[in-house]
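Let's take a look at how the cysteines and the nonpolar side chains fit together in this protein. Have the sequence handy while you read.

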Amino acid sequence: MAFGGTRGFMPRWELPVGVAALLLLLFSVTAAQEPSVAACSQNTNRTCEECLKNVSCLWCNTNKACLDYPVTRILPPSSLCTLSSARWGVCWVNFEALIITLSVVGGAVLLALAACCCACCCRRKRSRKPDKEEEKAAREREERRVRQEERRAEMKSRHDEIRKKYGLFKEENPYARFENN
């Protein structure tokens with residue numbers, strides 16, 4: 001069975017191994033947070049890069065403090081550090097810019113997904129049964145073609161009658177009269 005859509009074939013045993021590895025990583029991070037309290041506060045009044053070498057630390061640009069990241073919350077509270085001056089992971093991205101960027105990208109992805117779903121649904125509805133207007137147009141085209149054929153046959157018969165009347169009727173072979181001599 002394939003899990004994960006278009007990523008390809010993934011054996012069934014890889015999913016539980018991945019989940020187990022993720023849980024092990026989370027347990028190790030939560031267990032390692034207690035000794036990191038001293039490590040984060042030791043990097044206060046140093047550089048942002050030194051502070052963020054430890055993944056569990058948060059750098060606050062306003063007071064140049066290296067703080068423990070509050071793992072109970074997704075975003076650090078403003079009492080700890082404002083979002084515009086909080087850094088985590090890399091020094092060049094603050095939380096405020098990260099939130100704005102992620103919301104814009106997420107909104108664009110949702111809009112694209114909605115547009116694709118609408119396009120697929122509309123295309124499926126059109127392909128299921130022909131439109132009444134298309135059927136009517138095809139019927140009218142066929143009727144026009146039949147009338148045109150009738151008119152052509154009628155005009156040909158009229159022209160043939162006129163040619164017979166005035167002796168201009170085309171012979172099968174125009175050179176046949178010369179062969180009798």
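Two residues are in contact when they have heavy atoms within 4.5 Å of each other. Keep in mind that this is a predicted model.

## A busy cysteine

Leaving out residues up to four places away in sequence, Cys-48 touches Trp-59, Arg-87 and Cys-91. With Cys-91, there's a disulfide too: the S to S distance is 2.0 Å. That link is left-handed, with -110° about the S-S bond. It ties together distant parts of the chain, since Cys-48 sits in helix α3 and Cys-91 in strand β4 (residues 90-94), 43 residues apart.

Is Cys-48 buried or exposed? Its relative accessible area is 10%, so Cys-48 is buried, given that buried means under 20%.

## The cores

Nonpolar side chains tend to be buried together in soluble globular proteins. Here, the largest nonpolar core has seven residues: Cys-40, Cys-48, Cys-51, Leu-52, Cys-57, Trp-59 and Cys-66. Two elements, α3 (48-51) and β1 (57-60), each give two or more residues to this core.

There's also a second, separate core of six residues. Among them are Cys-60, Tyr-69, Ala-86 and Phe-95.

## More disulfides

How many disulfides are there? The count comes to four. One of them pairs Cys-40 with Cys-57, with the sulfur atoms 1.9 Å apart. This link is left-handed, at -95° about the S-S bond. Cys-40 belongs to helix α2 (residues 33-42) and Cys-57 to strand β1, and 17 residues separate the two. Cys-40 counts as buried because its relative accessibility is 1%, and Cys-57 counts as buried because its value is 0%.

Another disulfide joins Cys-51 to Cys-66, with 2.0 Å from S to S. This one is right-handed, with 80° about the S-S bond. Again, distant parts of the chain get linked: Cys-51 is in helix α3 and Cys-66 in strand β2 (residues 65-68), 15 residues apart. Both Cys-51 and Cys-66 are buried. If you number the bonded cysteines in sequence order, the pairing reads 1-4, 2-8, 3-6, 5-7.

## One without a partner

Why doesn't Cys-120 have a bond to Cys-116? Cys-116 has the closest cysteine sulfur, but that sulfur is 6.4 Å from the one in Cys-120, so the two are too far apart for a bond. A disulfide needs the sulfur atoms within 2.5 Å. As for its surroundings, Cys-120 is partly exposed, with a relative accessible area of 37%.

Conventions: Residues numbered from 1 in each chain as written. Predicted model: local features only at pLDDT ≥ 70, side-chain atom pairs only at ≥ 80, totals over all residues. Heavy atoms only, no water. Core = buried A, V, L, I, M, F, W, Y, C linked by side-chain atoms within 4.5 Å. Buried < 20%, exposed > 50% of the residue type's maximum accessible area, 1.4 Å probe, protein only. Helix = DSSP H or I, 4+ residues; strand = E, 2+ residues; numbered from the N terminus.
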